[in-house]
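Good morning, colleagues. Please take a moment to look at the sequence and the structure on the screen, and I shall then walk you through selected parts.

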Amino acid sequence: MEWFNVGKIVNTHGIWGEVRVISTTDFPDERYEVGSELGLYKADGSKPIIVKVASHRKHKNFNLLTFEGYTLLKDVELLKNALLKVSEKYLSDLEDNEYYFHEIIGCTVESIEGETIGKITEIIQTGANDVWTVQPAKGKTHYIPYIEDVVKTVDIDNKKIVIEVLDGLLS
């Protein structure tokens, strides 16, 4: 079973076992819902621990979580820098033209004419639209906006994306 990153524990918060999480998911309310199970992957590479969310709240730019069985500061201090991951069985279906990051990263990008441009290595969230970082076999990195005028087809099964190369897009 695959596990997908949804956040990173960056610190503790208070004395009652709360942790500060920098979220990397578009669905924090769903992922951190009370009762949700997450895989906790410690920075030391030890075996992952399955934790159940006991509480969730937003505070500034962080998601604050507590886990069942971790009620005091001393219980969570060793969790700093751990990654929180969700099992693929908990991934929900998305709307049309919406994709999970792991589905897009690694896809080959081609122009409408069939020219290979490169592979997607990263997704940058800008607020208005996502921008895909595309690394060609040689040469400089390209940044492709995920907008209707540029991205024409996304074939997740074959890991292939076709774009229309607008003037100046790849320069």
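**Strand pairing and selected residues**

Let us begin with one pair of residues: Arg57 stands opposite Leu64, which belongs to strand 5. I should say at once that what you see is a predicted model. The pair sits within a wider arrangement, since strand 4, residues 49-59, and strand 5, residues 62-67, run antiparallel and are joined by 6 bridges. As a general reminder, the strands of a sheet pair through backbone hydrogen bonds, in either a parallel or an antiparallel manner.

How, then, are the strands of the barrel ordered? The order is 1-2-5-4-3-6, a closed barrel of 6 strands with antiparallel pairing. In this sheet, neighbouring strands are turned against each other by 50 degrees on average, with direction ignored.

I turn now to strand 6, which spans residues 83-87 and contains Lys85. Is Lys85 paired in a salt bridge or left without one? Lys85 has no salt bridge, although this residue is buried. A salt bridge would require a side-chain nitrogen of Lys or Arg within 4 Å of a carboxyl oxygen of Asp or Glu. For Lys85, the nearest side chain of opposite charge is that of Glu2, and it is 9.0 Å away. Which residues does Lys85 touch, leaving aside those up to four places away in sequence? They are Trp3, Phe4, Asn5, Val6, Leu38, Gly39 and Tyr41.

Following the chain from strand 6 towards helix 3, residues 101-104, we find Glu95 in the loop between these two elements. Glu95 counts as exposed because its relative accessibility is 59%, and the cut-off for that term is over 50%. The C-alpha atom of Glu95 lies 19 Å from that of Trp132, a residue 37 places apart from Glu95 along the chain.

My last topic is a run of strands later in the chain. Strand 8, residues 116-125, runs antiparallel to strand 9, residues 130-135, and 6 bridges join the two. One bridge partnership links Lys119 with Gln135 of strand 9. The hairpin of strand 8 and strand 9 has 4 residues between the strands, and here Gly127 takes a positive phi near 105 degrees.

Strand 9 is also joined to strand 10, residues 142-145, by 4 bridges, again in an antiparallel manner. Here the bridge partner of Val134 is His142 in strand 10. In the hairpin of strand 9 and strand 10, with 6 residues between the strands, Gly139 has a positive phi near 105 degrees.

Thank you for your attention.

Methods. Residues numbered from 1 in each chain as written. Predicted model: local features only at pLDDT ≥ 70, side-chain atom pairs only at ≥ 80, totals over all residues. Heavy atoms only, no water. Buried < 20%, exposed > 50% of the residue type's maximum accessible area, 1.4 Å probe, protein only. Lys, Arg positive; Asp, Glu negative; His and termini not counted. Contact = heavy atoms within 4.5 Å. Pairing = 2+ DSSP bridges. Axes fitted to C-alpha atoms, helices over the stretch in contact; angles between N-to-C directions.
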